[in-house]
Each structure stands twice: as C-alpha cells, then as structure tokens.
Amino acid sequence: MNSILTFSRLGKFLTLTFILSTFLTNAQNPQGLQVNQIAPDFAAKDQNGNTVTLKSLLSKGSVVLVFYRGEWCPYCNKYLKEMEESLVEITKKGASVVAVTPEVPEYIAKSVEKTSASFPILHDNGLKIMKNYDVSYKLDDKTANRYKRLNIDLNEINGDVNRENLPVPAVFVINKQGVIVYRFFDPDYTNRAPIAVLMKHI
C-alpha cells in the first residue's frame, strides 16, 4: 500500500512538473524591461490592505521588485521564503522588497502562510504592473485545462479580471533614482535570481 501511495504522489509531482514547464512554450514572448530603463511607478494593495507605491518605496531607498505566479507554484514559494530569510540583510542596505502577483488576496494569504513573507505582496488587479514591466503572458486553453485537472484553476486563483494570465518570474532591482540597475528574466520558471547576486546590485 505504501508503495502504491508513493508512486501515486510521484506521478502527480511529475505531471505537475510537466504542466508547469509548458508555460515556456505558451508565453506571448514577453521580454521584460531592460537595465538602465526607468521603472514605471505603480500603486496596489498589499496583503494588509495598504496601498503601496513604487514612489513611496523609493523615497526610502532602492527596491527589489519580485514577480511570482502564485501559491500553487512550489518554486515561487521557495523563492519568496529565501527572500524573507534574507530580508534583514537586504534592509540593512537600505532596500525594500515588494512582490507582485496576479492571484487574488485570498490566495496571497496562502502565499504568506506558506512562506512567512513579511514584505508587501501586491495583487496586480488588471495586470497593470505586469504589463508595464513586460512580464505577462496568457495561457492557451489547452494548457489552462491541464492546470485545472491538477486543481489549479487560474480563473478562481487570479479572479475574473486577471484570469489565466501569469508573469514570467522576474526580479528587478531599482535604484533610488528609479532606474533599473539589475534584472533577472528567465522563462524557465525553475531558475531564480540568486540572492547573493541581488545583494551586489542593491
């Protein structure tokens, strides 16, 4: 019986890995903003209901801007947890961390629960931030249906406005003058910006 259960879990994991990897072929080729570009300002509600703007964060120092897909993504959870564990060192350098996601507040709460994130996590209602930073793409129907079979219903997780849209998991470091000084943009969702590299650009 234990062998059967283990095999079942392994099968589900491999299926999930396969499905998540398909986003690489379904992106509408977002490119992400480049180093030396001016970072677009934004305003959105965080997990505590507070309005957070890039302008207000930059008034205190540089900003590490993280885009993640959702609480259902184990790689996103792992990275948010790593960011939280490094938060003291980041803030010592005078920087703020803010994350942006298409998922609705109910699911942001699950992200916080899984990662213990204490930095602001913003619900990007209408995908305005994701589009301004050129990281968003829409899943095709075939892939979205595969997600649903794994109980990942993006219409529920992201809400009626954002629906089946996701970001490439990107990271931008923005200096106090509002200029992007570092970017990590990789459509391979398993790769994330090393914290040690980010620290060198803060």
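On helix α8, Asp-141, Lys-142 and Arg-149 are exposed, on the side away from its buried residues; exposed means over 50% relative accessible area and buried under 20%, with a 1.4 Å probe and protein chains only. Helices here are DSSP runs of H or I with at least four residues, and strands are runs of E with at least two, numbered from the N terminus. The model is predicted, so local features need pLDDT of at least 70 and side-chain atom pairs count only at pLDDT 80 or more, while totals for chains, interfaces and linings use all residues. Residues are numbered from 1 along each chain as its sequence is written, and side-chain values use heavy atoms, with hydrogens and water left out.

**Helix α8**
- Thr-143, Ala-144 and Tyr-147 are the buried residues of α8 (residues 141–149).
- These line one face of the helix, because they fall within an arc of 100 degrees seen down the axis of α8; the arc is that of the directions from the helix axis to the C-beta atoms.
- At the N-terminal end of α8, Asp-140 acts as a cap, with a side-chain oxygen 3.0 Å from the backbone nitrogen of Lys-142.
- Asn-151, just after α8, has a positive phi of about 65 degrees.

**Helix α4**
- Buried residues in α4 are Cys-76, Asn-77, Tyr-79, Leu-80, Met-83 and Glu-84.
- They fall within an arc of 165 degrees down the axis of α4, so they line one face.
- Lys-78 and Glu-85 are exposed on the other side of α4.

**Nonpolar core**
- Among the 61 residues of the largest nonpolar core, Phe-67, Met-83, Tyr-133, Phe-172, Ile-174 and Leu-198 touch the most other members; such a core is a set of buried Ala, Val, Leu, Ile, Met, Phe, Trp, Tyr and Cys residues joined through side-chain atoms within 4.5 Å.

Definitions and conventions: Polar contact = N/O pair within 3.5 Å; in protein donor to acceptor, adjacent residues only side chain to side chain.
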